[in-house]
Amino acid sequence: MLPNRMQLNRQTEEQLKKLKNYTGLTPNISARLAFFRSVESDFRYSADRDNKKLDGSLVLDKITWLGETVQTTELVLKMLYPELEQKELIKAWAAHVEDGIAALRNYRNLKDFSQSL
């Protein structure tokens, strides 16, 4: 369902990299946590509101971004957005990562980060 190559917008990518510097968690792991945190918070993507370009330089394959959560992530996206096509699903995933990382980006160490989850 999701393409093999995926990326985020530049701002989200920078936040993931800063979080890596503080906590040691790689951007792909942080992105997975941010995605599911966003879904649980009832955030919903709207193509009408979201016009951000996915212009980040960190382009990774789907398996690297999602790891063992690939099937779960795709099923959650399809459940939440059954009407969206592949390109829009990528934007929905990126919007959820952006929303979720907003709550996690300011943690300065892994202990505080893990307690927030």
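**Notes on helix 5 and a cavity**

1. Let's start with confidence: in this predicted model, helix 6 (residues 110-116) has the lowest, with a mean of 75, while helix 4 (residues 70-80) has the highest, at 96. The score is pLDDT, the predictor's confidence in each residue, from 0 to 100. Helices (H or I, at least four residues) and strands (E, at least two) are DSSP runs, numbered from the N terminus. The protein averages 88, and 98% of the residues score at least 70.

2. A word on ground rules. Residues are numbered from 1 along each chain as its sequence is written. Because the model is predicted, local features need pLDDT of at least 70, side-chain atom pairs count only at pLDDT 80 or more, and totals for chains, interfaces and linings use all residues, while side-chain values use heavy atoms, leaving out hydrogens and water.

3. Now look at helix 5 (residues 86-104). Its 19 residues should span 27 Å at 1.5 Å a residue, and the end C-alpha atoms are indeed 27 Å apart. The expected span is 1.5 Å times one less than the number of residues.

4. Several helix 5 residues are buried, including Leu89, Trp93 and Leu104. Buried means under 20% relative accessible area, exposed over 50%, and partly exposed in between (1.4 Å probe, protein chains only). Ala102 also sits in helix 5, but at 35% relative accessibility Ala102 counts as partly exposed.

5. Finally, try a distance: Ala102 and Lys52 are 50 residues apart along the chain, and their C-alpha atoms are separated by 16 Å.
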